[in-house]
Every structure is written in C-alpha cells, then in structure tokens.
Amino acid sequence: MALSMFALALFLYLGLDLEEFSPRPSSAASEGVEITYGTVLKLMHERTKFRLHSHEVPYGSGSGQQSVTGFPNVDDSNSYWIVRPVLDSSAKQGDVIKSGTFIRLQHMRTRRWLHSHLHASPISGNLEVSCYGGDSNSDTGDFWRLEIEGSGKTWRQEQRIRLKHVDTGGYLHSHDKKYSRIAGGQQEVCGVRDKRPDNVWLAAEGVYLPVTGSE
C-alpha cells in the first residue's frame, strides 16, 4: 500500500497523465528491476553522474531545436523520460526491452523526442542531440539502438548501456565541457560515432512499470 501511494504521489508531482499508465506503477527501490515500455526514468551519465536533461530552451546555433544537456541536480523534474517503442513496432506497455532493440525516449515535460542529426553540437562540434517533434510527430531521427554492456539480455536498472542513434551512428555522449551561459553548470550532451567511456549511461530514478508482456 505504501509503495502504491509513493508511486501515485510521484505521478501527481510530475504531472503525468495517469490514464496513459493503466498498469499499477511500481517504484524501483532496489537495483535489478527490469525496464519496460511506459517506464518513466532518468538516465545518469556513468562517469560524471549528471542526468540527461531538457527544457524549452532552443539551441542558439545548429538546428535551433530544443536543447538537451547534462544536469547535475538529482531532483529536477525536467530530467524524466518515458521509454517508448519505435513507430510500427508491435511492442506494448509493460514489455521488457532486449539488447539490440530500437527505442525512443520522450521528454516527459515537453513531449518531444530525444533526437539527433548532422548539425554540429555547440561546444565540441560533434553531432548535435536535441528534442524534437511531439506525440503525433516522430521520425527515424528519434530512433536509438539499445546496447547493453556485459552479458545481460534485457534492460535492467543497474546495467551499463549505450544508446546508438540509428540515422547518424552516433552514441549518446556527454563530458565535462559545460555551458558558460546556462545556469546550474549544465554540460554538453552530443553524439560521437565511436565507443568511449563517456557514452555509457545507467537508468537511475524513476517509476518502473511491472512486466506485463512476454519476453
């Protein structure tokens, strides 16, 4: 009962649409919880511990789309993302996600998709990562291939992962280079085409929906 009340309070605090989440949500209080479609989570950059973050501030260069950064504070609600299947997928809410699967990440607050393309990122000149589109507007620029490090076959909370962008081949990446004109010491998020220690992420805080589909 206490767990259900905690999850409900978190949904209300984050402003989520409860009708979208018909199974009873469960919070991941310990490591090892399987991540399913419909889960709301934060992605933590393994080395710097910053969370993948976005807000309604456009880039001043490149695409001019909604910016994506690494954010140092754990408790910011603009760092929540909803795990979604790609377009035309038969996957449904509650299904587990295997290594090698193409997924999308939808920014919870703005409903835009984690996106990348060939524009240069503002600080390092790598591939720009942005937020783009909306609930009814998504394309292959929003598709990311889940790569689990190690022997795990399905995505779990404690696993080290990489996300490889389908269109550009760039891995979701962050580093210590920070924006001087953005408050809070936010660091650049970009895409790079080779595997590096700085493109490893872990699922952190969130509301993890129970498994309802088959593996």
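Q: Which side chain does the side chain of Thr 48 make a polar contact with?
A: That of His 45, at 2.8 Å. Keep in mind that this is a predicted model.

Q: Where is Thr 48 found?
A: In the loop between β2, residues 40–45, and β3, residues 51–58.

Q: Buried or exposed?
A: Thr 48 counts as buried, because its relative accessibility is 13% and the cut-off for buried is under 20%.

Q: What is Thr 48 in contact with, leaving aside neighbours within four places in sequence?
A: Asp 176 and Gln 187.

Q: Let's go to His 55. Where does His 55 lie?
A: His 55 lies in strand β3.

Q: And is His 55 buried or exposed?
A: Buried, because the relative accessibility of His 55 is 14%.

Q: Which side chain does the His 55 side chain make a polar contact with?
A: The side chain of His 53, at 2.9 Å.

Q: What else does His 55 touch, not counting residues up to four places away in sequence?
A: Gln 66, Ser 67, Thr 69, Asn 78, His 107 and Gln 186. For Asn 78, the C-alpha to C-alpha distance from His 55 is 6.2 Å, with the two positions 23 residues apart in sequence numbering.

Q: Switching to Arg 84. Which strand is Arg 84 found in?
A: Strand β5, which covers residues 81–85.

Q: Is Arg 84 buried or exposed?
A: Arg 84 counts as buried, because its relative accessibility is 14%.

Q: What does the side chain of Arg 84 join to by a polar contact?
A: The side chain of Gln 106, at 3.0 Å.

Q: Another arginine, then. What does the charged end of Arg 104 sit over?
A: The ring of Trp 113, with 4.0 Å to the ring centre.

Q: How many aromatic pairs does a search of the whole structure find?
A: Zero.

Q: Now the nonpolar core. How many residues are in the largest one?
A: It has 27 residues. The members that touch the most other members are Leu 43, Leu 52, Leu 114, Trp 155, Leu 163 and Leu 172.

Q: Which strands each supply at least two residues of this core?
A: β2, β5, β6, β8, β9, β10 and β13.

Q: Take Leu 172. What is Leu 172 in contact with, leaving aside neighbours within four places in sequence?
A: The list has Leu 52, Leu 114, Val 129, Trp 144, Leu 163, Val 189, Cys 190, Asp 198, Asn 199 and Trp 201. Among them, Leu 52, Leu 114 and Leu 163 are also named with Leu 172 as core members that touch the most others.

Q: Back up a bit. How many helices and strands does the protein have?
A: One helix and 13 strands. Read along the sequence, the pattern is one α followed by the β elements.

Q: How much of the protein is made up of buried residues?
A: Buried residues make up 53% of the 215 residues.

Q: And what does the accessible surface come to?
A: About 9,600 Å², with 50% of that belonging to carbon and sulfur atoms.

Q: Of the contacts with a separation of 6 or more, what share is between residues 24 or more positions apart?
A: 68%.

Q: Loops next. Where is the place of Lys 153?
A: In the loop between β9 and β10.

Q: Exposed or buried?
A: Lys 153 counts as exposed, because its relative accessibility is 68% and the cut-off for exposed is over 50%.

Q: What is Lys 153 in contact with, leaving aside neighbours within four places in sequence?
A: Ile 97, Lys 98, Ser 99 and Ile 148. Ile 97 is 56 residues from Lys 153 along the chain, and their C-alpha atoms are separated by 8.6 Å.

Q: What about Val 166, where is that found?
A: In the loop between β10 and β11, the latter being residues 171–178. Val 166 is partly exposed, with a relative accessible area of 34%.

Q: Which residues is Val 166 in contact with, leaving aside neighbours within four places in sequence?
A: Phe 102, Phe 143, Trp 144 and Arg 145. Trp 144 is also in contact with Leu 172.

Q: Last one, Gly 64. Where is Gly 64 found?
A: In the loop between β3 and β4. Gly 64 counts as partly exposed, at 36% relative accessibility, and is in contact with Pro 58 and Tyr 59, leaving aside neighbours within four places in sequence.

Conventions: Residues are numbered from 1 along each chain as its sequence is written. This is a predicted model: local features need pLDDT of at least 70, side-chain atom pairs count only at pLDDT 80 or more; totals for chains, interfaces and linings use all residues. Side-chain values use heavy atoms; hydrogens and water are left out. Helices (H or I, at least four residues) and strands (E, at least two) are DSSP runs, numbered from the N terminus. Buried means under 20% relative accessible area, exposed over 50%, partly exposed in between (1.4 Å probe, protein chains only). A polar contact is a pair of N or O atoms within 3.5 Å; within protein, one must be able to donate a hydrogen and the other to accept it, and residues adjacent in sequence count only if both atoms are side-chain atoms. Contact means heavy atoms within 4.5 Å. A nonpolar core is a set of buried Ala, Val, Leu, Ile, Met, Phe, Trp, Tyr and Cys residues joined through side-chain atoms within 4.5 Å. Accessible areas come from the Shrake-Rupley method with a 1.4 Å probe; for residues, only the protein chains shown count as cover. Rings of Phe, Tyr and Trp (its six-membered ring) pair if their centres lie within 6.5 Å; planes under 30 degrees apart count as stacked, over 60 as edge-to-face and the rest as tilted. A charge sits over a ring if NZ of Lys or CZ of Arg is within 6 Å of the ring centre and within 35 degrees of the ring normal.
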